[in-house]
Structure formats: C-alpha cells, structure tokens
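Could you walk me through this model, one selection at a time? Keep your viewer open and follow along at your own pace.

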Amino acid sequence: KQIEIDLTPYVKKEDIIDYIVEQGTSGIWTYRKWNSGVFECWGESVKEQSEVTFTAYGTDGIKVIYLAQWYIDLPFTSYTVPICSGSSAWHYSNWVNIAPMYGNQTEYTKVSVMLYQERETVQGQQKVQMYGKGTWK
C-alpha cells in the first residue's frame, strides 16, 4: 500500500512574527524594512586617499594615534538610537567606530565614521564596511 505525504508547507498567520515589507538600495546602503518597524542596513564607504585627512592625537612620549572622520546619511530616519558597527581591512592597526548622529534627540539621520590608525597616511583607498539596525516607524 502506497502512503501519500503532503509536503506543502503549512504556516498559520498567527505563527508569523515579523516579515520584510520593503528591501532595496539607497546610496551606499542595502536595506530591509520589517513590518515590526525595525530596519537593518549594510554598506561600504570608500574614500580616496585625497578625501581623508588624519588628525594626530597624543603628545610627545605618548603613542600618537591618527583619526579620520566623515559622515554618512542613513537610508532613512531612525526613531530610536540605531545600533551601528563597522570594520576595515588592516592598514597599520586600523579600527573603526560607527556612531549614530541625531538631529533632534529622537530622529537619527546620519552615522559618524571614525577610522583610527597608527600612521598618518596610507596609500590607496580607505574602505569601511558598516551595519546598522534601528526603527523606521
């Protein structure tokens, strides 16, 4: 006797917790908007050597560190403080800090990219990969 098994997926509406309502690209960002109001975005900021100025921090006798900073618009406003992170390929001990910037303490529209390193200049491009998560409604 042959047994028939229904392999059609079965999902009840009440089992769906969240789902993507929009996804796409905006500027350097690829993003997803979720029905719950959460958004996530990721992208890469590329700066030519001529576009980046590193400023020295430190004094004689103490290790000097160099910082370059620039700002990037988020793909849309976040109504909570977005969670931001970033990384960069190693060039003389690079590390990255991505910080949300606000316009009026409740709407966040930009991130500040802070790239630190041990040398004042690096040949070629500076590339920073970023991820952000916030709320769009």
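What follows is a short tour, stop by stop, through a predicted model.

**Stop 1: serine 112**

Start by selecting serine 112, which you will find in strand 8, the run covering residues 108–117. Is this residue buried or exposed? Serine 112 has a relative accessible area of 0%, so it counts as buried. Now show the side chain of glutamine 69 as well: the side chains of serine 112 and glutamine 69 are joined by a polar contact of 2.6 Å. To see the rest of the surroundings, leave out the neighbours within four places in sequence and display what serine 112 touches: Gln69, Trp70 and Tyr71, then Asn97, Ile98 and Ala99, and also Met101.

**Stop 2: aspartate 73 and lysine 110**

Stay with strand 8 and pick lysine 110 together with aspartate 73. These two form a salt bridge, and their closest N and O atoms are 2.6 Å apart. Aspartate 73 belongs to strand 5 (residues 65–78) and lysine 110 to strand 8, so the salt bridge ties together parts of the chain that are 37 residues apart in sequence. Both partners can be inspected for exposure: aspartate 73 is partly exposed at 45% relative accessibility, and lysine 110 is partly exposed at 33%.

How many salt bridges does the structure hold? There are 3, and the next two stops visit the others.

**Stop 3: lysine 33 and glutamate 22**

Select lysine 33 and glutamate 22. Here the closest N and O atoms of the salt bridge lie 3.8 Å apart. Lysine 33 sits in strand 2 (residues 29–34) and glutamate 22 in strand 1, so you are looking at a link between distant parts of the chain, 11 residues apart. The lysine 33 side of this pair is buried, with 13% relative accessibility, whereas glutamate 22 is partly exposed at 33%.

**Stop 4: arginine 32 and glutamate 40**

Move to arginine 32 and add glutamate 40. They form a salt bridge whose closest N and O atoms are 3.6 Å apart. Arginine 32 is partly exposed, at 29% relative accessibility, while glutamate 40 is buried, at 13%.

Keep glutamate 40 selected for a moment. Glutamate 40 lies in strand 3, which spans residues 38–47. Which side chain makes a polar contact with the side chain of glutamate 40? Turn on tryptophan 34: its side chain and that of glutamate 40 make a polar contact of 3.1 Å. Setting aside neighbours within four places in sequence, glutamate 40 is in contact with Thr30, Tyr31, Arg32 and Trp34, and also with Tyr131, Gly132 and Lys133.

**Stop 5: cysteine 41 and cysteine 84**

Next, show the sulfur atoms of cysteine 41 and cysteine 84. How many disulfides are there? The count is 0. For cysteine 41, the nearest cysteine sulfur is that of cysteine 84, 7.4 Å away, and cysteine 41 is in no disulfide. Since a disulfide is counted only when two cysteine sulfur atoms are within 2.5 Å, the distance of 7.4 Å leaves cysteine 84 without one too. Cysteine 41 is buried, at 0% relative accessibility. Cysteine 84 is also classed as buried, with a relative accessible area of 19%; the cut-off for that class is under 20%.

**Stop 6: threonine 55**

Now jump to threonine 55, found in strand 4 (residues 55–57). Its relative accessible area is 38%, so threonine 55 is partly exposed. Apart from neighbours within four places in sequence, threonine 55 is in contact with Ile65, Tyr66 and Leu67. If you bring back glutamine 69 from the opening stop, you can check a distance: the C-alpha atoms of threonine 55 and glutamine 69 are 9.1 Å apart, with their positions 14 residues apart along the chain.

**Stop 7: a nonpolar patch**

Finish on the surface. Select Val11, Ile16, Tyr19 and Val21, which make a nonpolar surface patch of about 370 Å². Within the patch, center on tyrosine 19, located in the segment before strand 1 (20–26). Is tyrosine 19 buried or partly exposed? Tyrosine 19 is partly exposed, with a relative accessible area of 41%.

Technical notes. Residues are numbered from 1 along each chain as its sequence is written. This is a predicted model: local features need pLDDT of at least 70, side-chain atom pairs count only at pLDDT 80 or more; totals for chains, interfaces and linings use all residues. Side-chain values use heavy atoms; hydrogens and water are left out. Helices (H or I, at least four residues) and strands (E, at least two) are DSSP runs, numbered from the N terminus. Buried means under 20% relative accessible area, exposed over 50%, partly exposed in between (1.4 Å probe, protein chains only). A polar contact is a pair of N or O atoms within 3.5 Å; within protein, one must be able to donate a hydrogen and the other to accept it, and residues adjacent in sequence count only if both atoms are side-chain atoms. Contact means heavy atoms within 4.5 Å. Patches are made of residues with over 30% relative accessible area and no salt bridge: like charges are joined within 9 Å, nonpolar side chains (Val, Leu, Ile, Met, Phe, Trp, Tyr) within 5 Å. Accessible areas come from the Shrake-Rupley method with a 1.4 Å probe; for residues, only the protein chains shown count as cover. A salt bridge is a side-chain nitrogen of Lys or Arg within 4 Å of a carboxyl oxygen of Asp or Glu.
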